[in-house]
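These are my notebook entries on a structure that I had not examined before. I set down what I looked up, entry by entry.

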Amino acid sequence: MDNENVKYIYEYTKEDLEISIRQLKSVLFVRVEINDEGIITEIHVVSDTNKSVKQVVRDIESILAAKYNIKINHNVVSVALVNIDSSSNLILEKRLAYEEIITTIKRDFFECHVSLSYNGIIYSGEASGSIINRDRIISEATIDALHKFIGIEKIINLMDIKTINLADEEINVILLSFSINGNKHYRIGTSAIGNDPNISILKATLGAANRTLPLINNIK
């Protein structure tokens, strides 16, 4: 590899770079590989067919140069193009997974930290407030982690949380709204409360979001 065309990564992790590249229009998936010296050795991208391979590579070169002052050899970038219909199915097969939830209570103050994972990468979110709004805070912490994954804020909004009873089983129902390309989309997620109401809120929020990931790919 020609080291003159590669800049060392000092202040940014591979996860930072992946989040930035994922913000590019047409990019569906991205994985960045760096060696022990901090040199970018590979960038693997799955993109829709709205842009050519050459344009996707140029976009990646531009965002890395402008945002991180990183210059790469275009040969380290490999791009696979997929039709949008097939890409939607691909995304649904690879969902964000729940890793951990940590809650802290100090008098009437409630704090929640949520960790989600995708392709081995952890995305963490947090929220806090009055203990009265416990369920909402857990959902908002999950949404914060989702925004870290997407790489753009204020796309997902919590609309409402309800607990219903079905066949003597308590179920948490969560309504989320998604602001995508100027349009509002609504999704419902559900989860049985079981032995852990906190995890139930997290899973209901995550369930609603996972069904909307194909739409989020088209954000500009």
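Entry 1. Terms and model.
Before I count any pairing, I note that two strands pair if DSSP finds at least two bridges between them. With that in hand, I record that 9 bridges join S4 to strand S5 (residues 109-118), and that these two strands run antiparallel. I also note that this is a predicted model.

Entry 2. The sheet with S4, S5 and S6.
I looked up the strand order and found an open sheet of 3 strands, S4-S5-S6, with antiparallel pairing. Strand S4 (97-106) and S6 are at the edges with a single partner strand each, so one side of each has no neighbour in the sheet. From one strand to the next, I read an average twist of 15°. For a single bridge, I checked Ile105, and its partner in S5 is Phe110. I then asked which strands of this sheet H4 touches. H4 packs on the sheet in contact with S4, S5 and S6, and its direction makes about 145° with that of S6.

Entry 3. The sheet with S1, S2 and S3.
I turned next to an open sheet of 3 strands in the order S1-S2-S3, where the pairing is mixed. Its edge strands are strand S1 (27-34) and strand S3 (77-81), each of which pairs on one side only. Neighbouring strands here are turned against each other by 10° on average, direction ignored.
I resolved the mixed pairing into its two parts. S1 and S2 pair in the antiparallel sense over 7 bridges, whereas strand S2 (residues 40-47) and S3 are parallel, with 5 bridges. In the antiparallel part, I found Ile34 opposite Ile40 in S2. In the parallel part, Val45 has Val79 of S3 as its bridge partner, and Val46 stands opposite Ala80 in S3.
I also looked at the connections. S1 and S2 form a hairpin with 5 residues between them, and Gly38 in the turn has a positive phi of about 85°. S2 and S3, together with helix H2 (residues 53-68), make a β-α-β unit, which I record as right-handed.

Entry 4. Helix H1.
How many residues of H1 are buried? I find 7 of the 9, so H1 is largely enclosed by the rest of the structure. The buried residues are Lys14, Leu17, Glu18, Ile19, Ser20, Ile21 and Arg22. I then looked up what covers them, and the covering elements include S1, S2, H2, S6 and H4.

Entry 5. Aromatic residues.
I note for myself that a pair of aromatic rings is described by the distance of the centres and the angle of the planes. The structure holds 2 aromatic pairs. One of them joins Tyr123 and Phe149 edge-to-face, at 5.3 Å centre to centre and 85° between the planes. Tyr123 lies in strand S6 (residues 121-130) and Phe149 in helix H4 (residues 134-150), so the pair ties together parts that are 26 residues apart in sequence. Are these two residues buried or exposed? Both Tyr123 and Phe149 are buried. With Tyr118, they form one aromatic cluster.

Entry 6. Nonpolar cores.
I recall that in soluble globular proteins, nonpolar side chains tend to be buried together. The largest nonpolar core has 36 residues, of which Leu96, Cys112, Leu116, Ile156 and Leu176 touch the most other members. At least two residues each come from S1, S5, S6, H4, strand S7 (156-166), strand S8 (169-180) and helix H5 (197-210). H4 gives the most, with 8 residues.
I followed the contacts of Leu96, not counting residues up to four places away in sequence. Leu96 touches Leu116, Ser117, Tyr118, Tyr123, Leu146, Phe149, Leu206 and Asn210. I also recorded a second, separate core of 20 residues, which includes Val56, Val57, Ile63 and Tyr68.

Entry 7. Asn198.
My last query was Asn198, which I located in helix H5. Its relative accessible area is 10%, and buried means under 20%, so Asn198 is buried. Leaving aside neighbours within four places in sequence, I found Asn198 in contact with Ile101, Thr103, Arg134 and Ile138.

How values were computed:
Residues are numbered from 1 along each chain as its sequence is written. This is a predicted model: local features need pLDDT of at least 70, side-chain atom pairs count only at pLDDT 80 or more; totals for chains, interfaces and linings use all residues. Side-chain values use heavy atoms; hydrogens and water are left out. Helices (H or I, at least four residues) and strands (E, at least two) are DSSP runs, numbered from the N terminus. Axes are lines fitted to C-alpha atoms, for helices over the stretch in contact, and angles run from 0 to 180 degrees between N-to-C directions. Rings of Phe, Tyr and Trp (its six-membered ring) pair if their centres lie within 6.5 Å; planes under 30 degrees apart count as stacked, over 60 as edge-to-face and the rest as tilted. Buried means under 20% relative accessible area, exposed over 50%, partly exposed in between (1.4 Å probe, protein chains only). A crossover is right-handed if, with the strands pointing away from the viewer, the path from the first strand over the helix to the second runs clockwise. Contact means heavy atoms within 4.5 Å. A nonpolar core is a set of buried Ala, Val, Leu, Ile, Met, Phe, Trp, Tyr and Cys residues joined through side-chain atoms within 4.5 Å.
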